[in-house]
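Okay, thanks for coming, everyone. Let me put the structure up and then walk you through a few parts of it.

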Amino acid sequence: MRRVALLVWLVSAPLWAGVRYNVDGGNKAQRTNVEAFLQSQTLSINDSLELIRRRSEEQANKALEALGYFTSENQVQVQRDDQDLSVRVHLNPGKAVVIHRLNWQVNGAIKSDSDFAALRTKYPLQIGGVFNSEDYEQLKSAIDNYASSHGYFDGHFIKSRVNVTLAKHQADIILQYDSGERYRFGRLDFVQANMAIPLVRDLAKFKSGQPYTAQKVADFSQSLNQTGYFRSVLVTPELEQRHNGQIDIKVSLERKPANIFGVGLGYSTDQGVKGKLKWNHPWVNRYGHQFNASIEASKLEQTIETEYRIPIGNPISDFVALQTGYNRQVDNDTDSRTHLITLLRQWDWSSIWTPQIFFKTLYEDYRQGSQNASTLLFMPGFSVSRLRSLGPQADPYWGDSQQLTAQVSSPLWFSDVALTKIKATTKWLRSYHRNRLIVRATGGVIIVNNIDDVPASMRFFAGGDQSIRGYGYKTISPKDSAGKLVGGKYLLTGSVEYDYQFAQKWRVALFYDTGTAANDFSQPLYAGTGVGIRWLTPIGPVRIDLAKPLVDGSDSWRIHFSLGPDL
């Protein structure tokens, strides 16, 4: 009973109201490590000052030993001020322990693995260098991690020892590792019968007998999730049942419900409040056909879209789709009703670029400026795009995207107008520690005799959150004799933004945007600049920008609000 009472008393012993650590002497790396060790200790207000001094001295010694200084003589002073405690540590690291011998031996199949050989060079353990126990432990962990992720499941250290001779300030390191054989992929076992198996089996980029890598298993799991067919995906290597040098892969799939409905609500300064209804029918039949429909509505624009998709090979990127859409837009000097039918073919051409060819049928009844017209166009075309990113999908730290689209209309195939429209976009994101640079550019051209022949939805306009900040949404374009916007043949915009992360969930931004939408480039480019704040959320940054127009704008500042990933 006394033991229990004593334990409760120790656990509940009060702590100091404030503990201040002051570390001097040594170099920056030594001081930083010592401070980290000191702050990791828990000090009770009931501890004597001598006990606190001894514990702090032990922590300082351990911190320096981790960096290779085993004979340090550190001075620790402790002062008490009511409920506060001050601990001052003066470092005298002494002479560093250097690596005298390095016995590095590798046996087994991993010995001929070139990637593993490169791994060894990343860790600075070398004869004559200061012995750093953190580097030593990291190398051991890296070896274990590499082995387990590349199929060396029987790998183990035969010896892993460090002998330190304090009198000579020397360390002898012995690292002997035996990987055993490298396991290979075995069977791909689907747990339950599922009509999706023939469609998704080829998403596995490995075959039986090929060397095992955890990355290929992870890629397979990700691809299964991206198909949109499944509620849950579990891909597991059967490590405990490995046999004859092979690892079987177990796949458990749970199909999504027959119908999935979604409701969304958003806001941007370009379009105001926007609502969205979605219907997804992920399994139309046993061939993996999918159907999607959506309705979006804001004050300025209303859209209805449907898509029927038929997989040809890879259901993620190799398919035929029939898309239909209706769009009503009333904004500035535009009032249009657009009906669109698109037949699209996308290929799994490469792991980098995604190509598409399409045939669009567009009928548009519109008023643009002082012009009222209706147009019927039949347009074959193509698109090629690429998206690369590293980091969380909602907030990547590196990446870029590119897209090129071209479409042609001609009376030769019964269109009302002969025109060619080409548009290219690119965006680059690079980060360094807390610093972040975002660069984007857009260029477009419509080859046509008269801009009045082009439907309003196909003309170029600039300005807004994703274009040139400081100007209203689609307010930059040529104007007619009545001063109304008519849209342009050419589009050119560019932006440079610098972000700095000053807190865990917050960034501040500086930006400069420029460009125009025009029928010629006789006028100067528009430009806007300003500052912004970024709040990082699970669905992407919330952006609030305060922008000032620099050319042909008022002196007032404009607020821009948007939400979503930077790529």
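Before I start pointing at residues, one term: I'll call two strands paired if DSSP finds at least two bridges between them. And keep in mind that this is a predicted model.

So, let's begin with a sheet in the middle of the numbering. Three strands, in the order β7-β9-β8, make an open sheet with mixed pairing. On the edges sit β7, residues 184-190, and β8, residues 230-237, and each of those pairs on one side only. On average, neighbouring strands here are turned by 20° against each other, if you ignore direction. Then there's helix α7, residues 214-226, which packs on this sheet and touches β7, β8 and β9. The direction of α7 makes about 170° with that of β8.

How do β8 and β9 pair? They go antiparallel, over 7 bridges, with β9 covering residues 246-255. If you want a spot to click on, Val 233 stands opposite Leu 253 in β9.

Now, the inside. The largest nonpolar core has 25 residues, and those with the most contacts inside it are Val 200, Phe 220, Leu 224, Phe 230, Ile 249 and Val 251. Who supplies it? β7, α6 (197-200), α7, β8 and β9 each put in at least two residues. The largest share is 4 residues, and that comes from β9. Take Val 251 as an example: leaving out residues up to four places away in sequence, its contacts include Leu 188 and Phe 190, Phe 220 and Leu 224, plus Leu 234 and Val 235. There is also a second, separate core of 21 residues, and Phe 116, Leu 125, Ala 142 and Tyr 146 are among them.

Moving back towards the N terminus, we get another open sheet of 3 strands, also with mixed pairing, in the order β4-β6-β5. Its edges are β4 (98-107) and β5 (156-165), each pairing on one side only. Neighbouring strands in this one are turned by 5° against each other on average, direction ignored. β4 and β6, residues 170-178, are parallel and share 9 bridges. Arg 101 has Asp 172 in β6 as its bridge partner.

A quick word on annotation: UniProt, in an unreviewed entry, puts "domain: POTRA" at residues 118-175. In the model that stretch is 34% helix and 28% strand, and its end C-alpha atoms lie 17 Å apart.

Okay, off to the far end. Is Asp 513 buried or exposed? It's in strand β22, residues 506-518, and Asp 513 is buried, because its relative accessible area is 0% and the cut-off for buried is under 20%. Its side chain makes a polar contact with the side chain of Ser 495, at 2.6 Å. Not counting residues up to four places away in sequence, Asp 513 also touches several others, including Arg 440, Arg 469 and Tyr 526.

Last stop, a hairpin: β23 and β24, with 2 residues between them. β23 (526-537) runs antiparallel to β24, joined by 10 bridges, and Gly 530 has Ala 547 in β24 as its bridge partner. β24 itself, residues 540-549, is mostly covered, with 7 of its 10 residues buried. β24 is also joined to β25, residues 558-563, by 6 bridges, again antiparallel, and there Arg 543 stands opposite Ser 562.

That's my tour, so go ahead with questions.

Definitions and conventions
Residues numbered from 1 in each chain as written. Predicted model: local features only at pLDDT ≥ 70, side-chain atom pairs only at ≥ 80, totals over all residues. Heavy atoms only, no water. Axes fitted to C-alpha atoms, helices over the stretch in contact; angles between N-to-C directions. Contact = heavy atoms within 4.5 Å. Buried < 20%, exposed > 50% of the residue type's maximum accessible area, 1.4 Å probe, protein only. Polar contact = N/O pair within 3.5 Å; in protein donor to acceptor, adjacent residues only side chain to side chain. UniProt positions renumbered as here; feature names shortened; annotations may be inferred. Core = buried A, V, L, I, M, F, W, Y, C linked by side-chain atoms within 4.5 Å.
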